[in-house]
Amino acid sequence: MGAAAPAAAVRTDRRGRGTGRRGAAARDGVLAYHPAVMQRRGVRLSIPIATGMLAVAVATLVIATLEGLPGVPNASAVYLVAVAAVAIAAGTGGAVFTAVLSVLVYNFFFTDPLHTLLVADPGEWLNLLVLLFVAVTVGQLAAMQRRRAEVAVEREREARALFQVTRVLATRDSTQDVLPAIAATLVRETGMDRVWIALGADDATERPVADSGDGAPARRSGTHAVLQRPPGEAAPTWIQVREPATPAQPRATERRYRVRMEAGGRPVGSVWSAREVDAGPPDSSATRLLAVAADQVAQALAHDQLIEE
């Protein structure tokens with residue numbers, strides 16, 4: 001679909017946050033202080049903290065039970081299990097928080113003098129520092145393994161989606177006939193609420209020809225993001241583009257993302273997607289998938305044109 005002439009462009013990082021002087025203004029006015037966004041960030045921060053506190057509480061009860069038994073003078077290693085569990089469930093930040101909290105709690109409840117953070121025996125400092133080091137190390141290793149598993153799942157999803165897109169294009173009679181199937185694949189695999197593909201040489205002539213949603217996408221002024229893909233190995237970046245706002249329109253509840261399609265250096269259309277503002281921009285996996293699909297569709301359109309000529 002066509003977009004109004006942009007009034008300003010703001011560079012954002014991979015999380016959709018504005019960078020630089022103009023980016024900070026956009027971040028303050030559009031994303032960072034939106035109540036729903038602030039609430040979501042608070043929830044993301046509270047989950048590792050709550051998980052760590054619960055794990056430390058359970059581990060402390062286990063340690064109190066074990067050290068009450070004869071022959072178990074020091075059961076602080078139980079905290080390592082708590083740290084590893086939090087690392088797997090909540091990542092590195094939660095693991096580090098749990099490790100520090102474990103050392104403080106063990107010092108408070110099980111190290112003389114009790115119920116203070118003072119340590120009477122200098123040798124206990126070594127035990128506490130070793131516990132902290134091992135706990136942080138175990139937590140980071142567990143979090144790294146968790147992240148590797150997440151990346152493997154993302155790569156599998158990308159490969160499956162790209163195979164579907166490539167297969168549809170390879171067996172097509174006409175590229176435009178298979179664009180609805182490609183839009184359906186993208187909306188399913190990228191986590192976007194809606195994906196549509198528009199063809200046209202410029203913004204004025206661009207029109208949707210395939211849409212995963214019902215009805216034509218409404219024209220709305222405000223802000224959308226365009227994927228900037230620099231040459232070389234640099235990562236693509238979402239650039240927020242402000243369009244002239246219409247005061248009579250309510251605040252947009254969704255944000256649109258645009259990946260331009262070019263063939264032979266000429267624009268042929270765009271892959272558009274949309275999701276709620278609160279959901280944030282597409283992650284790196286979804287961004288790659290949208291970009292590669294746009295490139296493949298553009299090449300297929302160019303191939304069709306060559307056959308017609």
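This tour moves from the whole chain to a group of paired strands and then to a single residue.

Begin with the whole protein chain on display, and keep in mind throughout that the model is predicted. The chain holds 7 helices and 7 strands, and if you follow it along the sequence you will meet them in the pattern β-α-α-α-α-α-α-β-β-β-β-β-β-α. If you switch on a surface, you are looking at about 16,900 Å² of exposed area, of which carbon and sulfur atoms supply 61%, while 38% of the 309 residues count as buried.

Next, select strand E4, residues 223-228, together with strand E5, residues 237-242, which run antiparallel and are joined by 6 bridges. To see one place where these strands face each other, pick out Gln228, which stands opposite Thr237 in E5.

Keep E4 selected and add strand E6, residues 254-263, which runs parallel to E4 and is joined to it by 3 bridges. Here the residue to find is His224, which stands opposite Arg256 in E6.

Finally, move to strand E2, residues 194-199, and select Arg194. Is Arg194 buried or exposed? Its relative accessible area is 18%, and because buried means under 20%, Arg194 counts as buried. Now show side chains, and you will find that the side chain of Arg194 makes a polar contact with the side chain of Asp211, at 2.6 Å. Leaving aside neighbours within four places in sequence, the residues in contact with Arg194 include Val187, Asp211, Ser212, Gly213 and Asp214, as well as Trp272, Ser273 and Ala274.

Definitions and conventions:
Residues numbered from 1 in each chain as written. Predicted model: local features only at pLDDT ≥ 70, side-chain atom pairs only at ≥ 80, totals over all residues. Heavy atoms only, no water. Pairing = 2+ DSSP bridges. Helix = DSSP H or I, 4+ residues; strand = E, 2+ residues; numbered from the N terminus. Buried < 20%, exposed > 50% of the residue type's maximum accessible area, 1.4 Å probe, protein only. Polar contact = N/O pair within 3.5 Å; in protein donor to acceptor, adjacent residues only side chain to side chain. Contact = heavy atoms within 4.5 Å. Areas by Shrake-Rupley, 256 points an atom, 1.4 Å probe, with all protein chains shown as cover.
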